[in-house]
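Visitor: Could you take me slowly through one part of this model, the enclosed space inside it and the charged side chains that go with it?

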Amino acid sequence: MSFNTHADTLGLALGSYDIDGSHSAADFRLDYEYGHPVWLENLKPWLGAEATMDGSLWLGGGLLYDWQFADSWHLKPGIGAGYYSRGSSDLDLGHPIEFRSQLEIAKDINSNNSLGLAISHLSNANLDKENPGVEVLNVYWHYHF
């Protein structure tokens, strides 16, 4: 059973910020994927908000490719750009503009819901001399409507 790939999708995620470093914090996300593709089939725009328990905030958007590679399984690589505020985190990403690249694997649960596991990276792509980047691991719940 799979969902309509042209449905709008609301994604909620919970995860771990800075999974490979010493500045770990709980990570919360709210993403919105537009159902109608742009330029290529299954290439979709998305908007997102991300916040951590130590007050870091990222607001942005970009494009993702929703590839259904098997019955009810999706691989979703994506990239975006947005505004970043460090909050009270000890981790300084170096610039208020940060790019988010992400790879998610998701499984349809029914026609309206799916669960996914995503790994993402935030980086300023050398817009600043300080560019440590950060990796985030999230579990997603998606609602397709």
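Guide: Strand S2 (25-33), strand S6 (73-85), strand S7 (97-108) and strand S9 (134-144) each supply at least two residues of the lining of the largest cavity, and among these strands S6 gives the most, with 4 residues. Strands here are DSSP runs of E with at least two residues, numbered from the N terminus. A cavity is a set of points, on a 1 Å grid over the protein atoms alone, where a 1.4 Å probe fits but cannot get out, and a lining residue has an atom within 4 Å of such a point. This is a predicted model, in which local features need pLDDT of at least 70 and side-chain atom pairs count only at pLDDT 80 or more, while totals for chains, interfaces and linings use all residues. Residues are numbered from 1 along each chain as its sequence is written, and side-chain values use heavy atoms, with hydrogens and water left out.

The largest cavity holds about 120 Å³ of space, where a volume is the space filled by probe spheres set on the grid points, joined across faces, edges and corners. Its lining consists of 13 residues, and those nearest the centre are Asp31, Glu33, Leu64, Arg100 and Gln102. Sorted by class, this lining has 5 nonpolar, 3 polar and 5 charged residues, with Ala, Val, Leu, Ile, Met, Phe, Trp, Tyr, Cys and Pro counted as nonpolar, Asp, Glu, Lys and Arg as charged, and the others, Gly among them, as polar.

Two of the residues nearest the centre of the largest cavity, Asp31 and Arg100, lead us on to the salt bridges. A salt bridge is a side-chain nitrogen of Lys or Arg within 4 Å of a carboxyl oxygen of Asp or Glu, and by this rule the count comes to 8. In one of them the side chains of Arg29 and Asp27 meet, at 3.3 Å from N to O. Arg29 is buried, at 4% relative accessibility, and Asp27 is buried too, at 0%, where buried means under 20% relative accessible area, exposed over 50%, and partly exposed in between, with a 1.4 Å probe and protein chains only. Another salt bridge joins Asp92 to Arg86, whose closest N and O atoms are 3.5 Å apart; here Asp92 is partly exposed, with a relative accessible area of 33%, and Arg86 is likewise partly exposed at 33%. Salt bridges that share partners join Asp27, Arg29, Asp31, Glu50 and Arg100 into one network.

Glu50 takes us from that network to the second largest cavity, since its lining includes Glu50 along with Tyr17, Ala51, Thr52, Ser56, Leu57, Trp58, Tyr84 and Leu122. The second largest cavity has a volume of about 40 Å³, and both strand S3 (43-52) and strand S4 (57-65) supply at least two residues of its lining. The largest share, 3 residues, comes from S3, and the lining as a whole divides into 6 nonpolar, 2 polar and 1 charged.

Strand S3 also holds Lys44, and the side chains of Lys44 and Asp66 meet in a salt bridge of 3.4 Å, N to O. This pair links distant parts of the chain, 22 residues apart, with Asp66 lying in the loop between S4 and strand S5 (67-70). Lys44 is buried at 1% relative accessible area, and Asp66 also counts as buried at 1%.

Note on methods
On a 1 Å grid over the protein atoms alone, a cavity is a set of points where a 1.4 Å probe fits but cannot get out, and a pocket is an open set with protein on both sides within 12 Å along at least five of seven lines; lining residues have an atom within 4 Å of a point.
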